[in-house]
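Let's work through a few exercises together. Have a look at the model first, then try each task before you read its solution.

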Amino acid sequence: MTTSELSTALRIGPYPVDPAVVLAPMAGITNLAFRKLCREFGSPTSIYVCEMITARAVVERNEKTLHMMSFDEDEHPRSMQLYGVDPATLGEAVRIIVGEGWADHIDLNLGCPVPKVTRLGGGAALPYKRALFARIVREMVAGAEAAGVPVTVKFRIGIDDDHLTYLDAGRIAEAEGAAAVALHARTAAQRYSGQADWSAIGRLKEAVTTIPVLGNGDIFSADDAVRMMDETGCDGVVVGRGCLGRPWLFAELQAALRGEPLPEPPNLGRVGEVLYRHGALLSEHDGEDKAMRDLRKHMAWYLMGFPVGANLRRSFATVSSLAQLEDLIGQLDPTAPFPRDAEGPRGRQGSPGKVALPHGWLDDPDDPAVPAGADLMHSGG
């Protein structure tokens, strides 16, 4: 089967995903505004996942969390990623979400390597506890089933090289009724450093045979996505850091996976237009003051590799209004071509490090107990 045929073959529950591309949930990034921007470039039938939502906050109907769960009117399917450690809390959160009709697809976050998450037994630490992980997936699937809402699971290769969990995690998720699994082909100890081991995606695809397997890690260009699917046989790709400051990557991915010519990369004038659109959408969603503070972190990604002077870059990084943003964009050279070296890695990389875990976490992988205080966290990832 060719990649272009594969791109139309992915289904997550009742939803065809065409092309087979998923925008990864990224904390502080994949809010309503950024997802809308990505959808404007990409296909409305790809999947764009909202930033991570804490199950406990859903159960408590935390106001800030409910705002984070906003979706655009024409956004469908509405995809939400949940974080939690307690099967009862996650099950209850799913029942609330499907009961209120807030989401069409729910993903479970088992990929986050951030210490404040793994220290509580959450994120990338959790799949090591096989019995607990199985209970969580079972509870979530049971809570979502009646409404026909598919539950998917995203995880990493393991905690570190000595504690690999992905093959067990894939088989358990499949057995407990998950609609698909996605593998970020790094360990938690790697965080975002080094290279993703795509061969692990191929091994997971061989182990999980009845549901789709998606690959994630180091997709920085459309060519990377095609190569990952060809090399691993995965059913689709999950794109995270590669689209930071490059929402048009979704247009390139769509063309590549459908076997069509790639669109020309944008010059600096077009990048300025997209940047302004991003600011306007954020302002609409969050109010101008918060939107501009939020947009500042995107500036280096949008302007990466372009000939923009140091003073102008500093001004972009401290922008405080849409009017100022428009003025700064007007000072850019609109004819500057897209720099080829801007296609490489972007976003946080950091260094590998020891994974923070609850006391005694590695003693017994079949211990189903929920770690004390695990569900107290409201936000993170």
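This is a predicted model, and we begin with a pair of neighbouring strands: β7 and strand β8 (residues 151-160) run parallel and are joined by five bridges.

**Exercise 1.** Find a residue of β8 that stands opposite Leu 110, then work out which strand lies along β7 through four bridges.

*Solution.* Step one: look across from Leu 110, and you meet Phe 155 in β8. Step two: turn to strand β6 (residues 79-83), which runs parallel to β7 and is joined to it by four bridges. Step three: pick out one pair here, Met 80 with its bridge partner Ile 106 in β7. Step four: follow the chain from β6 through helix α5 (residues 87-100) to β7; this β-α-β crossover is right-handed.

**Exercise 2.** Decide whether the two faces of β7 are covered or open.

*Solution.* Step one: recall that side chains in a regular strand alternate between the two faces of the sheet. Step two: sort the residues of β7 by side, with His 105, Asp 107 and Asn 109 on one and Ile 106, Leu 108 and Leu 110 on the other. Step three: check burial, which here means under 20% relative accessible area. All of these residues are buried, and both faces are covered. Step four: conclude that strand β7 (residues 105-110) is largely enclosed by the rest of the structure, because six of its six residues are buried.

**Exercise 3.** Describe how helix α12 (residues 268-286) lies against α16.

*Solution.* Step one: the two axes come within 10 Å and cross at roughly 175°. Step two: an angle over 145 degrees counts as roughly antiparallel, so that is how α12 and α16 lie to each other. Step three: list the contact, made by Gly 272, Leu 275, Tyr 276, Gly 279, Ala 280 and Ser 283 of α12 and by Leu 322, Leu 325, Glu 326 and Ile 329 of α16. Step four: sort the residues of this contact into six nonpolar, three polar and one charged.

**Exercise 4.** Is Val 370 buried, partly exposed or exposed, and which residues does Val 370 touch?

*Solution.* Step one: locate Val 370 in the segment after α16 (322-330). Step two: its relative accessible area is 30%, so Val 370 is partly exposed. Step three: leaving out residues up to four places away in sequence, Val 370 touches Val 85, Asp 86, Pro 87 and Leu 132. Step four: compare chain and space for Pro 87, which is 283 residues from Val 370 along the chain, while their C-alpha atoms are separated by 8.3 Å.

Technical notes:
Residues numbered from 1 in each chain as written. Predicted model: local features only at pLDDT ≥ 70, side-chain atom pairs only at ≥ 80, totals over all residues. Heavy atoms only, no water. Buried < 20%, exposed > 50% of the residue type's maximum accessible area, 1.4 Å probe, protein only. Pairing = 2+ DSSP bridges. Right-handed = clockwise from strand over helix to strand, strands pointing away. Contact = heavy atoms within 4.5 Å. Axes fitted to C-alpha atoms, helices over the stretch in contact; angles between N-to-C directions. Parallel < 35°, antiparallel > 145°, perpendicular 65-115°, else oblique. Nonpolar A, V, L, I, M, F, W, Y, C, P; charged D, E, K, R; others polar.
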